[in-house]
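Work through the exercises below with the model open. Try each task before reading its solution.

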Amino acid sequence: MPVFSLCRPSSASSTPLRGLTLLVGLLAAGCSGTKYIPEGAKLYTGGAVKVKSDAPVPNEAALTTELESVINPKPNASILGLRPKLYFWHLGQGKTRGLGHWLADKYGEKPVLLSQVDTQQVKKLMVNRLNNNGYFRPSVGSKVQVKGATATVDYTAFVGKPYLIKQVSFPEGDTLLTQAIRATQAGTLLKVGDPYNLQTFINERTRIDGVLKNQGYYYFSPDFLLFEVDSTLDNQANVYLKVKSSISRRAAKPYVLSRVSLNTDYSLSDTASAGRRPFIYQKYRYFPDEEVFKAKAITNATFLYPDSVYRRRRSDQTLSRLMSLGTFKFVDIRFRPDRSVADSAGYGHLISNVRMTQVPKKSLRAEVLLVSKSNGFVGPGFRVQFRNRSALRGAEQLLVNVTGSFENQTKAGANTIGLTSYELGADAQLVVPHLITPPFDIRLTNSDFQPRTTFGVGYRYVERLEAFQEDVFNLSYGYTWKTKLTNEQELRPIDLQYIRLGSVSDQFRALLDSNAFLNNSFRQQFILGSSYRYTYNQQVLEQRRNQIYFSGGVEVSGNLAYLASSLTGQTKQRNKDGSEAYAVLGQQFSQYTKVDLELRNYFRTSPNPTSGNKIATRLLIGSGLPYLNSTVLPYLKQYGIGGPNSVRAFPARGIGPGTYMPTTTRQEATNFYDQVGDLRLEANAEYRQDLFPYVKGALFVDAGNIWLVNEDPKRRGGQFSPSTFFNELAVGAGAGIRIDVQFFVIRFDVAVPVRYPDGRTSNVDGSARSSAPVFNIAIGYPY
């Protein structure tokens, strides 16, 4: 049979009606898959479950779903009654190579026949599930339904009233173990009046074991607990929790850590520090010495204390904290009985050995980069990084970076000045693995993650050909900490930036002189800032089908300086435009408050956790308000929109503010600097689909714009208005291909404008608005 004869008639019909009838017949017999089953057999197409009872069935839908989950085998996949996988399987029958064999192996599926269904086994599994849910002594029947060449098996479960828990009794006795178990009763999962459910009993054993593990019962196990259920009552059950009589002595008693050893230089050839004398620090046995790590740095991240009760929570916390220092590639904790210490008051004793394998203390790394910025500048770059993982012998990370780049703004208009940029910079960061908050000692003992204090300093030289040269200085001091895996907070009390505008071309000087807004943006570049950011990220929970990401931050600048200047009677400096402002060290400073919010949602359309098929959405809201000492935000703090990580149908900084669009040669020459604003609203939606190994596709829609807080006569239509802003959103749509090799992603997107901010379909001169596609090449996903 020809490969593609399935979906078309083999010969022309004498009438359209006969041709249509033949086509429908071929589709029904061929695409449905029934023509490929052996003679006399029936194609199994699945089964259904119905629950019958004389009494109401609580959570009947959930119970039915659970019973359906045990039905086997699973029928062949079908789409609207068609089973194309059976057709592909048929193409490969009797073949060991060729296209047919490849299609069968890749996309085919062998027919599932009625003869393969073991109804007795399925009914046994259903009875077991019903018992687990408190429906004791049920019965399950089955009936085969035949329709043509196909068959289904329908199951009916007959149940009575579910058994409810009448009483829960915890073990009696005065041993330490029974007393500890009884003390957990307040948090029990077994509630009087709830239906009997086996999974709840399993969860209860696990819960009790977790509590005991944090009270010293190192050798205890959930298997040592059993439940006796008296179900002789009328649909009621008495539950008795007991400890198995076969429990070992060591599992029945709590343990104290008599000794804790910390080995910061462990290797596989290490023989438990034999022959080396430990350094004793706060009762810890510390190996080998303090040449690389001070003992205090390691004990600050250790929550296993000598002479304290063993707690699994503290053991897990110690592992997490030590690994998050970034100085060890391997950490493990071993416990063994301490037979040299006699039991006391029913307690045993453990020796704890914490073994750490170091990452090399110093490293030097050089990288060649492709720089891609949100403002549309792209080009080659380099970075050389030196890292010292214990710069002050306290696990402090010292990072020194030297960077350089050559960039070009490829998306701007041909008349734009300053398209080519050179950058060269150096910066250093010292990351201290604890919070430096004198006079307080804050350790965040309930967190699994190591808090950090970061000091940063840097310098960057920037030159934009035919425009300007500037020097950028920054100095920062702040904290980062996490209370949960999904939560992170960052506080920067000091975040200083100073940009000094150096040599300026005649053309750019003329631009500044003719544009008071832009002149103010470049003049007020002394930023005395502080900031706070909170991030909630469910992407670290890889098994979740729906993941949420939220980041919210607030940044303030100049408030304390303005207050100090006004209280001390400082004199304001007068500017060319008539405005006045205070200065610090002869330089005017910016004063503003800036709030940024970002919300993303990732919904995986496939239940498979490894699937990349998902719907990704993002909402960005930003607002910057200059006041008192400033009339505009500093230029580097203003918002731009458009480009490969924003509204992709428009070039970087090619939208807004508001309905403003460059129309003259002068405006086109300055659009890169003019098309920025104080407010931002952007929304994106993207469907991502796995295509081939390492290749993914995407369809997307982007919308957004920026606006000004204060009116600018040079940019008419740029001021924000609550009544019109929604109609001023630019909209674009497109498709893309991503080359994703896990650690590196290259993205190719093509997008077309759907709507311009002013809503017009033609330019001012009457010509049609461009609908030509915009191509974007970028590194990484847009969000």
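**Exercise 1.** Find how S5 and strand S6 (residues 236-243) pair, and over how many bridges.

*Solution.* Strands here are DSSP E runs of at least two residues, and helices are H or I runs of at least four, numbered from the N terminus. Two strands pair if DSSP finds at least two bridges between them. S5 and S6 meet that with six bridges, in the antiparallel sense. One checkpoint: Val229 has Val239 in S6 as its bridge partner.

This is a predicted model, in which local features need pLDDT of at least 70, side-chain atom pairs count only at pLDDT 80 or more, and totals for chains, interfaces and linings use all residues. Residues are numbered from 1 along each chain as its sequence is written, and side-chain values use heavy atoms, with hydrogens and water left out.

**Exercise 2.** Place S5 and S6 in their sheet, and say which strands stand at the edges.

*Solution.* The sheet is open, has three strands in the order S4-S6-S5, and its pairing is mixed. S4 (164-169) and S5 (225-230) are the edge strands; each has a single partner strand, so one side of each lacks a neighbour in the sheet. On average, neighbouring strands are turned by 30° against each other, direction ignored. Next, add the helix. H7 (residues 198-213) lies across S5 and S6 and runs at about 145° to S5. Axes are lines fitted to C-alpha atoms, for helices over the stretch in contact (heavy atoms within 4.5 Å). Angles run from 0 to 180 degrees between N-to-C directions.

**Exercise 3.** Trace the partners of S9 (residues 284-287).

*Solution.* Start with S7 (residues 255-263): three bridges join S7 to S9, and the two run parallel. Asn263 stands opposite Phe287. Now take S8 (residues 279-281), which pairs with S9 in the antiparallel sense over three bridges. Here Phe279 faces Tyr286. The S8-S9 hairpin has two residues between the strands, and Gln282 takes a positive phi near 50°.

**Exercise 4.** Is Gln497 buried or exposed?

*Solution.* Buried means under 20% relative accessible area, exposed over 50%, partly exposed in between (1.4 Å probe, protein chains only). Gln497 has 17%, so Gln497 is buried. The residue sits in strand S19 (residues 487-504). Its side chain makes a polar contact of 3.4 Å with that of Lys637. Such a contact is a pair of N or O atoms within 3.5 Å; within protein, one must be able to donate a hydrogen and the other to accept it, and residues adjacent in sequence count only if both atoms are side-chain atoms.
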